[in-house]
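Subject: A structure for you to look at

Hello,

As promised, I am handing over the structure we talked about. Please open it first, and then read on for what I found in it.

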Amino acid sequence: NHPMYAYNKLHQYITRAEQLDAGLSHVILHARPVVLSGMSPTKNRQIPALNYKLVHQIARDIPGLDVTLNGGIQSLDDLRQLADDRFVICGSDDDEQRQRRMVSFMAGRWMLRRPLDVVHVRNVLDSTGAGTGELDIMARITSAISQYVDY
């Protein structure tokens, strides 16, 4: 299917749910289409390609809808790149405003493979860039580990 077809069907589905007053205020969108037959789940994690543009377009085109992007985040660098793209400048030159595209990101397998990366996620998503230094991060790691390990 053509990417515009997928976008139109998804947009239609979401706006229809909103029109039905079904209480839709937040969606979690996977950036990779699922293939239901002829491909193993493992292979479907690689094919077809991730389509972050589709998820961003839905977030941009449906104001008031909170969107969580899921799919393909495997590192802090991946998260940083996606987080940098979560805002868009909207409006005329006189009335520009930053609008959020994504409210959150979902990362499953990455956190299973590298669970201690979670202590860095807040810094990546913090728009000020302020926050924890190396010593504070080590203290947080030690605290997290100590809750699960008998000495």
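Two strands count as paired if DSSP finds at least two bridges between them. With that in mind, S2 and S5 pair in the parallel sense, and the pairing runs over 3 bridges. One thing to say before going further: this is a predicted model.

**The chain as a whole**

The protein chain has 151 residues, and 27% of them count as buried. Its secondary structure comprises 7 helices and 5 strands. If you walk along from the N terminus, the elements follow one another as α-β-α-α-β-α-β-β-β-α-α-α. Taking the contacts between residues at least 6 apart in sequence, 56% join residues at least 24 apart. The chain exposes about 10,600 Å², and 52% of that area is supplied by carbon and sulfur atoms.

**The sheet**

Which strands make up the open sheet, and in what order? There are 3 strands, ordered S1-S2-S5, and their pairing is parallel. Strand S1 (26-30) and strand S5 (104-106) stand at the edges; each has a single partner strand, so one side of each is left without a neighbour in the sheet. From one strand to the next, the twist averages 25°.

As a general point, strands of a sheet pair through backbone hydrogen bonds, in either a parallel or an antiparallel manner. Here, S1 pairs with strand S2 (residues 66-70) in the parallel sense over 5 bridges. To find this pairing on your screen, look for histidine 26, which stands opposite aspartate 66 in S2. For the pairing of S2 with S5, look for leucine 69, which has phenylalanine 105 in S5 opposite it.

Why is S2 described as largely enclosed by the rest of the structure? The reason is that 4 of its 5 residues are buried.

**The salt bridges**

Side chains of opposite charge can pair when their charged atoms come close. How many salt bridges does this model have? The count comes to 2, and I will take them in turn.

One of them joins arginine 80 to aspartate 77, with the closest N and O atoms 2.9 Å apart. These two residues are 3 residues apart in helix H4 (residues 76-84), so about one helical turn separates them. Arginine 80 counts as partly exposed, at 37% relative accessibility, while aspartate 77 counts as exposed, at 53%.

The other salt bridge is formed by the side chains of aspartate 117 and arginine 114, with an N to O distance of 2.9 Å. Arginine 114 lies in the loop between helix H5 (109-113) and helix H6 (118-125), and aspartate 117 is likewise found in the loop between H5 and H6.

Is aspartate 117 buried or exposed? Aspartate 117 has a relative accessible area of 8%, and because buried means under 20%, this residue counts as buried. Its salt-bridge partner, arginine 114, is partly exposed, with a relative accessible area of 48%.

Both residues are also worth following to other parts of the chain. Setting aside neighbours within four places in sequence, aspartate 117 is in contact with Leu76, Trp110 and Met111. Arginine 114 and glutamine 74 are 40 residues apart along the chain, yet 9.1 Å separates their C-alpha atoms.

**A nonpolar patch on the surface**

Which residues make the nonpolar surface patch? Leu116, Ile145, Tyr148 and Val149 make it, and the patch covers about 410 Å². One of these residues, tyrosine 148, is found in the segment after helix H7 (134-146). Tyrosine 148 counts as exposed, at 71% relative accessibility.

**Where to begin**

If you would like a route through the model, you could start at S2, where 4 of the 5 residues are buried, and then look at its pairings with S1 and S5. From there, go to the loop between H5 and H6 to find arginine 114 and aspartate 117, and finish at the patch that includes Tyr148.

Happy exploring, and do write back with any questions.

Best wishes

Definitions and conventions. Residues numbered from 1 in each chain as written. Predicted model: local features only at pLDDT ≥ 70, side-chain atom pairs only at ≥ 80, totals over all residues. Heavy atoms only, no water. Salt bridge = Lys/Arg side-chain N within 4 Å of Asp/Glu carboxyl O. Buried < 20%, exposed > 50% of the residue type's maximum accessible area, 1.4 Å probe, protein only. Contact = heavy atoms within 4.5 Å. Areas by Shrake-Rupley, 256 points an atom, 1.4 Å probe, with all protein chains shown as cover. Patch = residues over 30% accessible without salt bridge, like charges linked within 9 Å, V, L, I, M, F, W, Y side chains within 5 Å. Axes fitted to C-alpha atoms, helices over the stretch in contact; angles between N-to-C directions.
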